[in-house]
Every structure is written in structure tokens, then in C-alpha cells.
Amino acid sequence: MKDRQISGADDAARRQNKGMKNYTIHGINGPVITVAGKTDLDMMETVYIGNARLIGEVINISTEKTTIQCYENTTGVRPGEPVSRTGMPMSATLAPGLLTGMYDGIGRPLKKLEEISGHFIAPGIDVPAVDTERLWDAEVKLSVGDTLAPGMIFAECDETQVVRHRCIVPEGVSGKVTFAAPSGAHTVVEPLIRYVDDEGEEHELSMLRRWPIRKPRPVKKRLPISEPLVTGQRVIDTLFPLAKGGAAAIPGGFGTGKTMLQHQLAKWSDADIIVYVGCGERGNEMTQVLEEFSGLIDPRTGRSMLERTIMIANTSNMPVAAREASIYTGVTFAEYYRDMGYNVALMADSTSRWAEALREISGRLEEMPAEEGYPAYLPSRLSAFYERAGQVETLSGEKGSVSIIGAVSPQGNDFSEPVTQNTKRFIRVFWALDKPLAYARHYPAVNWTTSYSEYTLELDEWFRREVAPDFPALRSRIQNILAEENRLMDIVKLIGSDLLAEEQKLTLETARCIRVGFLQQNALHELDCSVPLKKQYGMMKLIIKTHDRARTLVAKAIPVSQMKKEGIFDLLCRMKFELPNDNLTAVDELTSRISSMFAEIEKRYDIAPEEAAK
Amino acid sequence: MNIEYIGLKNANGPLIVLDGVRGACYEELVEIAVGENDHRMGRIISLSGETAVIQVFEGTEGISLSNTRTRLTGHPLELPVARDMLGRVFDGAGRPIDGLGDICPEKKIDINGLAINPVSRDYPRDYIRTGISSIDGLCTLIKGQKLPIFSGAGMSHNELAAQIVRQAKMSGNFGIVFAALGVKNDVADYFRRSFEETGVLSRVIMFQNLAGDPIVERILTPRCALTCAEYFAFEYGMDMLVIMTDMTSYAEALREVASAKNEIPGRKGYPGYLYSDFASLYERAGRIKGCEGSVTQLPILTMPNDDVTHPVPDLTGYITEGQIVLDRSLEMKGVYPPVSIQLSLSRLMKDGIGDGSTRADHSTLSNQLYASYAKVQDVRSLASVIGEEDLSPTDKLYFEFGRRFESEFLTQDRFENRSIDATLDLGWKLLSILPRDELERVSDEMYEKYCRGEE
């Protein structure tokens with residue numbers, strides 16, 4: 001509005017806009033506005049609607065009418081009020097100052113909105129995402145006479161204590177530098193560089209960029225994935241790992257802990273930047289994220305978690321069109337930081353709400369619905385979104401990645417509904433949350449039989465190299481035991497567990513240890529909330545070792561109940577709360593303690609089996 | 001603006017279409033005079049050039065193409081609010097129907113409200129003691145929460161809601177907003193009587209759209225109720241409890257209007273925006289930084305055919321912060337309140353309980369009770385195959401635990417108000433039935449301290 005200053009090419013477009021004519025509103029139906037007759041509006045162009053200057057976007061053009069979706073509540077808008085052009089597609093503002101902030105679906109800072117309109121969000125406020133008056137201690141990296149090329153870093157500043165912000169010459173910009181501002185305090189809109197392009201025209205570069213949210217940002221090339229996103233969550237890291245640059249989905253009905261798991265991942269994953277998109281979710285949840293993150297200390301940097309986090313909150317009662325945009329705004333922010341060479345993780349909670357926003361707008365446009373009323377373009381929109389994940393070589397030649405973790409809220413907990421099914425086609429990790437597990441308060445309620453990760457094979461080399469050579473082998477042992485338990489439980493349901501063979505009873509007991517002692521993880525426990533890979537490996541190894549040792553005893557006709565009585569399995573179930581995260585010798589100590597317990601039982605049996613059985 | 005538009009273009013269900021309208025705004029309130037003495041209200045729900053589609057709150061009965069005179073009011077539907085609304089009864093559109101005359105408005109507020117800015121919200125963490133063990137112990141109600149009751153036809157949800165109102169320990173400065181959405185007169189009357197008996201009637205504001213009242217008005221009723229609650233909470237700093245029953249009727253009203261508008265239906269014929277519409281109601285619960293008051297919602301909905309995957313309970317569950325689900329099989333066993341522990345959940349509970357608000361052992365106890373009761377279900381299904389006699393000794397203990405949990409912990413009298421200590425101690429007493437090594441979630445220290453067994 002007043003202070004939205006835009007540099008470089010955008011500026012030219014804006015100047016040109018002054019001659020553009022306004023149009024008048026013809027019809028209003030919820031968030032859908034129509035303009036009658038033929039117009040020169042562009043597809044996806046941002047417009048201001050009515051006297052209140054509500055923000056909208058052109059979504060359909062024909063010779064008879066133009067359709068605009070409005071990002072704000074349209075109550076009170078009248079036919080005949082003006083629609084004014086901006087000449088630009090819906091764009092996100094990218095500049096230092098984004099981190100630690102919370103934005104709505106179209107990138108307006110909520111803190112600023114609060115200052116302007118109080119506790120409730122009033123319509124028609126247009127403010128840039130970042131503070132344009134704040135001074136940054138910018139280090140200008142170029143000097144007069146340098147040749148500009150896309151991907152060059154022209155300025156750097158410390159955005160927060162943990163993130164160094166790099167300003168990169170955008171694609172399509174080249175020329176000779178004719179002016180370089182001295183390093184020091186600058187605002188984001190001040191021109192830091194002036195340059196002359198090949199045609200001899202002078203342009204400016206400031207730290208602020210704008211980028212159309214629906215267009216992926218350019219990269220030099222995409223790289224194959226090579227390392228996991230370590231999350232500290234055992235069931236994920238060990239059984240169903242996600243790669244840096246990968247895409248994952250968390251489907252689950254309400255109350256299965258999707259949001260809780262998303263929060264855990266946002267807190268503990270080893271990404272450099274977290275973009276958390278609350279898309280059509282609860283307001284209180286976003287408040288909780290804000291509160292919790294500002295109080296949490298990142299163990300790797302020693303600073304507040306908030307310093308590496310951007311939050312987008314378009315809660316369920318905020319306008320539906322902005323909800324549709326929020327996912328794109330989020331991924332554009334993520335790509336922007338990726339281009340600086342960071343590993344970014346984007347959490348989208350929940351993509352079903354986003355799909356419903358598509359459906360709602362599609363319904364208002366009276367489009368022909370496909371499955372369950374969703375528009376036919378749902379799969380293509382979903383794939384376009386998930387394809388923005390990836391590990392890439394950036395324009396400046398660095399390695400960066402965007403990993404996307406999308407929560408899916410299937411209606412009626414039915415995984416065959418269109419959003420879950422279509423999502424499954426475009427992601428490679430599927431963490432299926434399970435109602436029965438959640439009812440038993442087994443968190444994270446990731447079902448180990450229906451979940452999968454297609455990255456396992458590609459990442460195994462990393463696990464062998466970085467954690468332990470037998471890591472993949474142990475993982476498949478764990479999976480086998482769980483699968484065997486699943487098969488046995490069908491029998492137990494019919495005849496009870498007493499009639500099983502000893503060997504099978506042992507499998508059940510070990511599987512219980514895996515479930516309770518390994519897969520279950522307490523998000524609120526100081527030690528257990530996040531566990532390093534080395535400890536995960538140690539725990540996994542100990543469980544398998546114990547299982548193998550117990551089998552040798554079973555072979556000697558020592559009943560499993562004896563070992564149970566000694567408390568061996570209970571030790572395994574509780575080790576997660578007792579072993580420290582940083583000192584792995586404790587695992588070895590526990591291992592030797594358990595093996596001496598086994599030896600003790602064995603000795604008793606060797607001497608007098610009848611007596612020992614009592 | 002005193003232009004009157006005479007006649008209509010067409011009428012369909014609750015909708016009328018008017019031509020040649022100038023200067024109307026979207027969602028504007030209109031007054032429709034039908035014949036001589038019949039005055040109705042309506043709202044513009046779609047505008048296209050000079051054609052306006054209007055939803056008539058009182059229905060279109062008796063309207064012809066020529067007997068109407070329509071006048072624009074120039075503003076959207078607003079609810080006049082004032083402090084003396086306490087103790088009064090209004091119809092679904094906010095007009096007094098208790099015969100005590102109009103209120104003297106201090107302010108008029110657009111009933112659609114505005115979204116609370118997420119950064120202005122204060123995270124709810126003060127628990128409300130309801131004196132009901134299953135709620136206090138296992139899905140604690142928090143001030144500023146929205147916690148619906150999922151019920152079915154014929155179950156005791158009304159009694160439960162009334163008991164919560166009776167026993168809820170809120171601050172001294174509290175108020176109750178009761179919105180009757182398409183419920184029978186008897187139900188509304190039951191609540192009124194129960195408020196009266198509790199002596200809180202002077203703090204209750206009732207909005208009634210009973211089963212026989214116009215459908216379109218039902219869409220306004222919860223909005224009026226919430227606008228009023230927000231006003232008292234954030235202007236007067238009161239703790240407001242909003243009870244809305246029955247949300248299923250509300251959703252059906254929405255469906256009826258949507259189909260009259262020829263909208264493309266979504267699941268089970270409900271409009272595609274049912275989620276957003278619900279959210280625009282439920283999200284109006286909460287607390288705001290720097291304000292004393294709070295809006296706590298207790299919506300009640302009946303699940304058609306007890307189906308929790310029906311769109312209404314399903315979408316509600318995705319928006320609200322948990323749910324209290326009533327179970328017909330428990331009701332049959334004579335358990336009151338028949339709260340199905342497995343399906344019920346309070347998402348805000350974890351931050352509202354523990355040392356300083358309830359007791360340090362609360363979280364551990366509730367986790368263990370949940371886990372053990374889940375095991376009871378497995379044991380029961382096993383027993384139904386092999387018979388109770390052949391269960392292993394541990395499984396028999398689970399069987400016993402399940403039985404006593406239902407008859408002692410869940411069951412309580414309609415007037416029994418248990419303290420939080422009584423609830424938690426009872427929980428520990430029941431857990432002591434089970435062997436120590438089955439209580440995986442309880443640390444030794446806690447076991448020693450709390451799990452003393454029966455005296």
C-alpha cells in the first residue's frame with residue numbers, strides 16, 4: 001500500500017501499471033467475485049477489490065466475464081465498486097526478517113496486523129511481510145566493476161544468531177556493477193547494488209525480492225537424495241526414514257496425533273530452517289507452536305528454536321482462498337532459504353484442508369466435480385506441490401534441500417478417499433497413523449504394517465557409513481519380529497496366548513518390548529522426546545541381542561515366563577527413560593547386566609531344572 | 001435509503017430473487033413486508049449485477065410474486081448487545097421472545113464476527129473442574145476450549161451437559177449462553193428448568209430456534225449466540241460457557257439451504273464448505289491476550305445411526321480440541337455418564353493438568369488408565385471366543401479391572417460432584433487390581449507414592 005517498495009524489474013512493471021484501467025464488480029458469491037465483459041486482466045494476477053481494497057486473484061477469464069477469488073471476507077462489498085490491478089501475480093515478499101515471524105496465508109505478518117487492527121483481523125489491510133524500516137548489518141560482497149551473474153551472493157547479514165542470510169542475484173539479472181553501497185546498516189528496500197545491463201539500462205538490487213508463489217524457484221540442477229532427515233523419532237528414523245529433499249505424508253483421522261507428530265518433527269529434525277504451515281487448522285494450535293518454540297532451546301545451536309522457524313497460520317476460520325494460497329506461500333519461503341544452501345523442512349498441516357479449499361472454490365465456480373466433489377485438477381495440484389521438494393544444486397552452486405511433510409486428514413478415517421490416495425502417488429514416505437494405537441495411547445501412533453518408506457534402500461549406505469554397518473540388517477530383524485507378531489496375534493485372538501509354543505511366546509514378548517520400549521516414544525519426557533541415531537542403534541541392537549540369547553535358553557527348554565519373572569524384558573521396556581542420550585557406554589553396561597541375568601537363569605537350570613522352574 | 005422494491009422475480013424454498021436492485025452489498029440485511037402485517041427479514045447471499053438472491057429467515061410461505069415490498073437496510077445482520085441480556089430469552093435471530101420487551105443496545109455487532117488473530121490468542125491452560133470423573137480424570141475440560149459431546153438419539157447427553165453446567169467451577173464472573181438449534185421444546189425446557197434449579201438462570205442467555213422454527217434462522221442462531229458470548233467475554237471479562245445443541249440439526253439446515261441454492265453437494269449431500277462453516281463457529285472459542293474473559297464451547301451433536309464417521313461428527317472432530325463420545329453399549333449397561341473412554345480425548349488436557357493445577361500424578365494416571373482399559377477390550381474379545389473361565393490369571397484381572405472401572409470410575413450419580421483428588425485416588429485404587437509389571441507407564445517412585453491399593 002504505502003511502503004511496499006519493490007526493486008528492479010518489479011518496479012518497472014509497477015510504473016507501467018499506472019496507466020492501467022480499473023474494472024467494476026458485477027457479481028459476488030462468497031469469496032468469488034465476477035467482472036462482466038472482456039477485460040485485460042491476466043490469469044493469476046493480484047487485484048484489489050472494492051473500496052475496502054480486499055486482496056484477490058484472477059482465476060478465470062473469458063470474453064463474457066472474469067472471475068476473481070478474494071482472500072478476505074466479502075461481506076459488505078457492492079456491485080459497481082472498483083477492481084484495481086497490480087499487474088503482478090500473487091507474490092511472496094522475500095527478505096531478511098522472515099524468520100521468527102508468523103504470517104497469514106498470503107504472507108501478511110500477523111504481528112503487524114495485530115498492531116493495526118487489534119485482536120481480530122480486519123479486512124483490507126495490506127502490509128509487507130517484513131519490516132521495511134528495520135536496519136540490518138549487511139555485508140556487501142561486490143564492488144564497482146564486478147560482473148553480475150545469477151547465483152552470485154551480493155550481500156549477507158545475520159538474520160538471527162543461527163541463520164546467515166545470503167542475498168543472491170536472481171535469475172535473468174546480469175551486467176556490470178556501477179554502484180555498491182558500503183557494508184553497514186541498511187534496510188531491506190535500500191538499493192545495495194546498481195548495475196548496467198547489456199542494453200545499457202541501469203537497474204537496482206536491494207535485499208528484498210518478490211516471487212510468484214505458484215512458480216517454483218529456479219535451481220542449477222536437481223541432485224539425487226543422499227542423506228536422511230534425522231528426526232530423533234525412533235519409529236521414523238529407524239523403520240521409515242525420510243531423506244533430506246524427500247516428501248512424506250502423515251495420514252490419520254482426528255485424534256491420532258498428526259499435529260503432535262508434526263510438532264515433534266518441527267522441533268527435533270536436523271534441518272537448518274523449519275517452515276511450519278498451519279493450513280485450515282486450529283488457532284490454539286498455532287499459538288501453542290509459537291509459545292513452545294520460543295521456549296525451546298535447539299540443542300545444536302543453543303539458541304531458541306524460533307530463530308530457525310517461519311510460521312504460516314491460516315486457521316480454519318480465516319478466509320478459504322487464503323488457505324489455498326498458504327501452502328504455496330510456505331513452499332516459496334522454503335525454496336528461498338534452500339537457495340541460500342540450507343536444508344529446509346516444510347510441515348504442512350493439513351493438506352486435506354487445502355484440498356477442501358480447492359473443492360470449495362471449485363464448487364462456487366460451478367465446475368464439474370470429479371471424485372467426492374473434489375475438482376478434477378486435484379491430483380495435478382498435489383503433484384505440483386510435492387514436486388517442489390528435492391535436493392538441489394542452487395544457482396550459486398551450493399547444496400540445499402526442501403523436504404515436505406504433509407499431514408492428511410482423511411474424512412471418516414478412510415484412507416481410500418481421494419486426497420490420501422492421490423497424495424500417496426506423489427510421496428515416497430507414508431507414516432500411517434492408526435486409531436487403535438492412538439486409543440491405547442501408543443504415540444507416535446505410526447502403524448508399522450501399513451507405513452512404508454521408499455528411501456530405505458537409497459539411505460542404507462549412509463546408515464552403514466554414519467551409524468553402524470549392521471544398521472539395515474538390524475532394522476529388517478525388527479521388522480520381521482513385528483510381522484511375525486502380527487501373524488501370531490491372529491491366533492492369539494482365537495485361542496489365547498497360553499497355548500502357543502515357547503518360541504512363539506518369546507516372539508510375542510520381544511515384539512512387546514519393541515512396541516513399548518522402542519516404537520513408543522514420550523514426546524513430553526526430557527530424555528525420550530528426541531533420541532540420537534547412535535542410541536537408537538544401541539537400543540535396537542540390545543533388543544535383538546536379548547532376543548537371540550533368549551532363544552538359546554528356550555532351546556534348552558527354559559520357559560519364557562522365567563526370563564520375564566527376572567525382569568529382563570521390563571528392563572528393555574524402560575531403557576528409553578533410563579539410558580542417557582549422550583553417553584553410550586550405558587548401553588554396554590545394560591547389555592552386560594542383561595547377559596549376566598541370562599547366565600544366572602541358565603546356571604540355575606543346569607543344576608536343578610525342576611527346582612528352578614518353581 | 002427508503003427505496004422499496006415491489007414484487008419478486010422468483011421464489012424457491014427459503015430463497016427469493018429480486019431484480020433491479022441497486023447499491024446492495026453482499027450479506028446485507030433486508031426487510032420484506034408481505035401483504036399488510038407480515039414483516040420478515042432476509043439476507044442477500046448472492047449478487048450479480050442488479051439481481052440479488054435473498055434468504056428469507058422466516059421462510060417464504062405466503063409470498064407471491066407481487067405481494068412483497070423489500071427494503072435494504074444498508075448493513076449486514078447485526079446483533080444488538082447489552083449487559084442486560086443476561087437472564088433473557090431470544091429467538092434464533094436475536095429478538096427477545098420472553099415478553100420482557102426489547103433490550104437497550106449498547107452496541108450492534110456483525111454476527112459473522114472476525115477471525116481472532118492467532119498471535120493474539122492466549123493458549124488455554126486453566127482447567128475447569130466439572131466434578132465428573134471421566135471428564136476431569138481422562139479428558140479434562142480447559143477454559144477456552146471447544147469440546148463437543150458426540151452422542152446419539154436417546155442417550156443422556158442433555159443430562160451430562162446440565163450436570164457440567166451445575167458443577168463446573170469457573171470463576172465467580174461467569175455466564176452461560178445456551179443455543180437451541182432445532183431441538184424439541186421439551187429439551188429447551190429441560191435446560192431452562194435445570195438452570196433454574198441450579199440458580200444460575202440470571203446468568204444464562206438463551207437463543208432458541210426450536211425444531212418447528214424456520215430453517216434459515218437456525219443458521220443465524222449459533223452466530224448470534226457466539227457474538228453475544230464474545231461480547232461478554234472480551235468486553236466484560238466474563239468466562240462464558242456456550243452450549244449449542246444440536247449441531248446436526250444446524251448442519252441439516254445448512255444442507256437444506258445449500259440445495260435450494262442449487263449448490264454442488266459434497267459428502268452425504270452436505271455442502272462442500274461444511275468444514276469452513278463449522279470452523280467459523282467453533283474457532284470463536286478461546287482466550288485473548290490481555291483479556292480476562294474466555295469463551296468455552298460445549299457443542300452437542302447427535303451422530304445419525306451412532307456413526308462417528310458421518311460428516312458432521314467427523315468434521316467437528318477435526319476442528320474441535322477433542323471430543324467426549326457417548327457410547328450406547330455403556331448406556332445399556334446402566335453406566336452414567338456413558339463416556340466412551342477410548343474415543344474421547346481432550347487435546348488441551350496435557351497443558352492444563354499436573355502439578356500446580358490438578359496433581360503431579362494426573363498425566364501418568366490417565367495414560368495408564370487409557371492403556372489398561374484398551375487392553376481390557378482385547379481381553380473381552382478374547383473372552384467372547386474362549387470363555388471367561390479359560391482366561392489366563394492376568395487376563396482375569398484385566399476383566400475384573402474393566403468391570404470395576406466402568407461401575408466405579410465411570411459411573412456416578414447425576415448429582416455427585418467428585419473432587420479431583422477423589423477422582424485420581426479412585427483411579428489408582430482401580431489400577432492396583434492389576435499386577436505391577438502390567439503398569440508400564442508408571443515409574444516405581446510414582447507407584448510407591450500413589451498406588452496404595454484398597455485400604
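This is a guided tour of a predicted model, moving from the contact between chains A and B to a few strands and single residues.

**Stop 1: the contact between the chains**

Start by colouring chain A and chain B separately, then select the residues on each side that touch the other chain. You should pick up 76 residues from chain A and 75 residues from chain B. Together the two chains bury about 6200 Å², and 53% of that area lies on carbon and sulfur atoms. Now show A:Phe254, A:Asn284 and A:Arg441 as sticks: these residues supply 13% of the area that chain A buries against chain B, more than any other three residues.

Next, look for the polar links across the contact. There are 31 residue pairs in polar contact between chain A and chain B, counting pairs with both residues at pLDDT 80 or more. Select helix α5 of chain A, residues 283-295; with eight residues, this helix gives the most to the side of chain A that touches chain B. If you colour that side of chain A by residue class, you will find 26 nonpolar, 27 polar and 23 charged residues.

How many salt bridges are there between chain A and chain B? The count is two. To see a salt bridge up close, select A:Glu291 and B:Arg125, whose side chains meet with an N to O distance of 2.4 Å.

**Stop 2: a buried serine**

Stay with both chains and centre on A:Ser316. You are now in the loop of chain A between β22 (309-314) and α6 (320-338). Is A:Ser316 buried or exposed? A:Ser316 has a relative accessible area of 2%, so this residue counts as buried.

Show what surrounds the serine. Leaving aside neighbours within four places in sequence, A:Ser316 is in contact with A:Gly280, A:Glu281 and A:Arg323 from chain A, and with B:Tyr275, B:Ser276, B:Ala279, B:Glu283 and B:Ile319 from chain B.

**Stop 3: strands that link the chains**

Switch to a cartoon view and select strand β2 of chain A (residues 27-29) together with strand β5 of chain B (residues 38-48). These strands run antiparallel and are joined by two bridges. To find one pairing, pick A:Gly27, whose bridge partner in β5(B) is B:Ser48.

Now follow β5(B) within chain B. Strand β4 of chain B (residues 28-34) pairs with β5(B) in the antiparallel sense over six bridges. Here B:Ala33 has B:His39 as its bridge partner. The hairpin of β4(B) and β5(B) has three residues between the strands, and B:Gly35 takes a positive phi near 65 degrees there.

Moving on from β5(B), select strand β6 of chain B (residues 51-56). Six bridges pair β5(B) with β6(B), again antiparallel. B:Arg43 stands opposite B:Gln55 in β6(B). In this hairpin, two residues lie between the strands, and B:Gly49 takes a positive phi near 60 degrees.

**Stop 4: a strand covered on both faces**

Select strand β19 of chain B, residues 322-325. In a regular strand the side chains alternate between the two faces of the sheet. In β19(B), B:Gly322 and B:Ile324 are on one side, B:Gln323 and B:Val325 are on the other, and all are buried.

Add the partners of β19(B). Strand β13 of chain B (residues 149-151) runs parallel to β19(B), joined by two bridges, with B:Ile149 partnered by B:Ile324. Strand β20 of chain B (residues 345-346) pairs with β19(B) in the antiparallel sense over two bridges; there, B:Gln323 has B:Leu345 as its bridge partner.

**Stop 5: an open sheet in chain A**

Finish in chain A with an antiparallel open sheet of four strands, in the order β11-β14-β16-β17. The edge strands are β11 (147-148) and β17 (202-205), each pairing on one side only. Strand β16 (residues 193-196) runs antiparallel to β17(A), and four bridges join them.

Zoom in on A:Arg194, which lies in strand β16. This arginine stands opposite A:Glu204 in β17(A). The two residues are 10 residues apart in sequence and 4.4 Å apart in space, C-alpha to C-alpha. A:Arg194 has a relative accessibility of 25%, so this residue counts as partly exposed. Beyond its neighbours within four places in sequence, A:Arg194 has contacts including A:Lys176, A:Val177, A:Phe179 and A:His203.

Conventions
Residues are numbered from 1 along each chain as its sequence is written. Chains are lettered from A and ligands numbered from 1 in the order in which they are written. This is a predicted model: local features need pLDDT of at least 70, side-chain atom pairs count only at pLDDT 80 or more; totals for chains, interfaces and linings use all residues. Side-chain values use heavy atoms; hydrogens and water are left out. Contact means heavy atoms within 4.5 Å. Buried area is the accessible area (1.4 Å probe) that two parts lose on being put together, summed over both. A salt bridge is a side-chain nitrogen of Lys or Arg within 4 Å of a carboxyl oxygen of Asp or Glu. A polar contact is a pair of N or O atoms within 3.5 Å; within protein, one must be able to donate a hydrogen and the other to accept it, and residues adjacent in sequence count only if both atoms are side-chain atoms. Ala, Val, Leu, Ile, Met, Phe, Trp, Tyr, Cys and Pro count as nonpolar, Asp, Glu, Lys and Arg as charged, and the others, Gly among them, as polar. Two strands pair if DSSP finds at least two bridges between them. Buried means under 20% relative accessible area, exposed over 50%, partly exposed in between (1.4 Å probe, protein chains only).
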